[in-house]
Amino acid sequence: MSGLGNTERDYAAACPGAKLGEGLAVRGEEVAGAEPAVEAWLRRIGLLTR
């Protein structure tokens, strides 16, 4: 599987009316080195400010 697959579509179908934000796909083999990408994503979506 690549990216988020059908996740966005599935969440939208399961939670009608919900506001869905930008997701972040991290593949299992990349988890150990994903901290910079996760931090950048959290900053981009406004959940990490420092």
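## A tour from the largest pocket outward

By class, three nonpolar, three polar and two charged residues make up the lining of the largest pocket. Welcome to this predicted model; that pocket is our starting point.

**Stop 1: the pocket.** Select L4, T7, E8, Y11, L20, G21, E22 and G23, the residues that line the largest pocket. Its volume comes to about 150 Å³. Keep E22 highlighted, as this lining residue also takes part in the next stop.

**Stop 2: from E22 to R44.** Add R44 to your selection and show side chains. Here E22 and R44 form a salt bridge, with 2.8 Å between the closest N and O atoms. This pair ties together distant parts of the chain: E22 belongs to the loop between helix 1 (7–14) and helix 2 (35–44), while R44 is in helix 2, 22 residues apart. Is E22 buried, exposed or partly exposed? With a relative accessibility of 39%, E22 counts as partly exposed.

**Stop 3: the other salt bridge.** How many salt bridges does the structure hold? There are two, so select R9 and D10 for the one we have yet to visit. The R9 and D10 side chains meet with an N to O distance of 3.2 Å. R9 is exposed, at a relative accessible area of 53%, whereas D10 counts as partly exposed at 39% relative accessibility. As a general point, side chains of opposite charge can pair when their charged atoms come close.

**Stop 4: A25.** Now return to the loop between helix 1 and helix 2 and pick A25. Which residues does A25 touch, once those up to four places away in sequence are set aside? The answer is G3 and L4; you have already met L4 in the pocket lining. A25 counts as partly exposed because its relative accessibility is 37%, between the 20% and 50% cut-offs. For a distance to try in your viewer, draw a line from the C-alpha atom of A25 to that of A37: the two residues are twelve apart along the chain, and the separation is 9.7 Å.

**Stop 5: L48.** Finish in the segment after helix 2, where L48 lies. Show what surrounds this residue: apart from neighbours within four places in sequence, L48 is in contact with E39, L42 and R43. Even with these contacts, L48 counts as partly exposed, at 24% relative accessibility.

Terms used. Residues are numbered from 1 along each chain as its sequence is written. This is a predicted model: local features need pLDDT of at least 70, side-chain atom pairs count only at pLDDT 80 or more; totals for chains, interfaces and linings use all residues. Side-chain values use heavy atoms; hydrogens and water are left out. A salt bridge is a side-chain nitrogen of Lys or Arg within 4 Å of a carboxyl oxygen of Asp or Glu. Buried means under 20% relative accessible area, exposed over 50%, partly exposed in between (1.4 Å probe, protein chains only). Helices (H or I, at least four residues) and strands (E, at least two) are DSSP runs, numbered from the N terminus. Contact means heavy atoms within 4.5 Å. On a 1 Å grid over the protein atoms alone, a cavity is a set of points where a 1.4 Å probe fits but cannot get out, and a pocket is an open set with protein on both sides within 12 Å along at least five of seven lines; lining residues have an atom within 4 Å of a point. Grid points are joined across faces, edges and corners, and a volume is the space filled by probe spheres set on the points. Ala, Val, Leu, Ile, Met, Phe, Trp, Tyr, Cys and Pro count as nonpolar, Asp, Glu, Lys and Arg as charged, and the others, Gly among them, as polar.
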